[in-house]
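Q: Please give a close account of the salt bridges in this structure. I should like to see the setting first, then each residue concerned in turn.

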Amino acid sequence: LEALMEDFVKRLVEDPRTRPSFERADLANLKTKLVDQLCELAGGPCKYTGMDMKTAHAGMNVQKSDFNALVEVLQKSMDARRIPFSAQNRMLALLAPMYRDIIRR
């Protein structure tokens, strides 16, 4: 997960669609929180201690297109790490419920 999130965060700031949302972020902290969050969602043993997604994204005006771009960047990172498609789908399924708390309606 650490190697995947390292690649993912790097790609987030390189991709012109996602760069504006992440260029001022504390990238080391973001990577750590993502590792903990995904590890916990996958069954542990990590414990995510960050904000809930609604609070973390409040005021960011995240649109559906922003969310979709982020998912595409994550998929590129998973492909680059040669994560099997079935495992990618399981990870995306763990993250999908966050959509409703992140997207501005």
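A: Of the 105 residues of the chain, 30% count as buried in this predicted model. The accessible surface of the chain comes to about 6,800 Å², and carbon and sulfur atoms account for 52% of that area.

The overall form gives the setting for the salt bridges. The chain has 7 helices and 0 strands, so that its pattern along the sequence reads α-α-α-α-α-α-α. A compact globule with 105 residues would have a radius of gyration near 13 Å, and the chain agrees with this because its own value is 13 Å. Along the principal axes, the C-alpha trace spans about 35 × 25 × 25 Å. Contacts can also be sorted by separation in sequence: among those between residues at least 6 apart, 66% join residues at least 24 apart.

The charges come next. The chain carries 17 positive and 14 negative charges, and the mean positions of the two sets are 4 Å apart. The structure holds 6 salt bridges. Among them are bridges that form a network linking D15, R17 and E72, and this network deserves the closest look.

R17 takes part in two of the bridges described here. One joins R17 to D15, with the closest N and O atoms 3.0 Å apart. The other joins R17 to E72, where the closest N and O atoms are 2.7 Å apart. E72 lies in helix α5 (residues 64-80), while R17 lies in the loop between α1 (2-14) and α2 (19-22); the pair therefore ties together parts that are 55 residues apart in sequence.

Are the members of this network buried or exposed? D15 is buried, because its relative accessible area of 11% is under the limit of 20%. R17 has a relative accessibility of 37% and so counts as partly exposed. E72, at 36% relative accessibility, also counts as partly exposed. The network thus includes a buried acidic residue, D15, together with the partly exposed R17 and E72.

Another of the salt bridges joins K47 to E40, with the closest N and O atoms 3.8 Å apart. K47 counts as exposed because its relative accessibility is 57%, and the limit for that class is over 50%. E40 is partly exposed, with a relative accessible area of 31%.

The backbone has a notable feature at P45, which lies in the loop between α3 (27-41) and α4 (53-56). The peptide bond from G44 to P45 is cis, with omega near 20°.

Two further loop residues complete the picture, and each has a positive phi without being a glycine. In the loop between α4 and α5, N61 has a phi near 55°. N61 is partly exposed, with a relative accessible area of 40%. In the loop between α5 and α6 (85-95), R82 has a phi of about 60°. R82 is exposed, its relative accessible area being 76%.

To return to the part requested, the network consists of D15, R17 and E72, and its bridge between E72 and R17 connects helix α5 with the loop between α1 and α2.

Key
Residues are numbered from 1 along each chain as its sequence is written. This is a predicted model: local features need pLDDT of at least 70, side-chain atom pairs count only at pLDDT 80 or more; totals for chains, interfaces and linings use all residues. Side-chain values use heavy atoms; hydrogens and water are left out. Helices (H or I, at least four residues) and strands (E, at least two) are DSSP runs, numbered from the N terminus. The radius of gyration is taken over C-alpha atoms; the globule rule is 2.2 Å times the number of residues to the power 0.38. Buried means under 20% relative accessible area, exposed over 50%, partly exposed in between (1.4 Å probe, protein chains only). Contact means heavy atoms within 4.5 Å. Accessible areas come from the Shrake-Rupley method with a 1.4 Å probe; for residues, only the protein chains shown count as cover. Lys and Arg count as positive and Asp and Glu as negative; His and the chain ends are not counted. The place of a charge is taken as NZ of Lys, CZ of Arg, CG of Asp or CD of Glu. A salt bridge is a side-chain nitrogen of Lys or Arg within 4 Å of a carboxyl oxygen of Asp or Glu.
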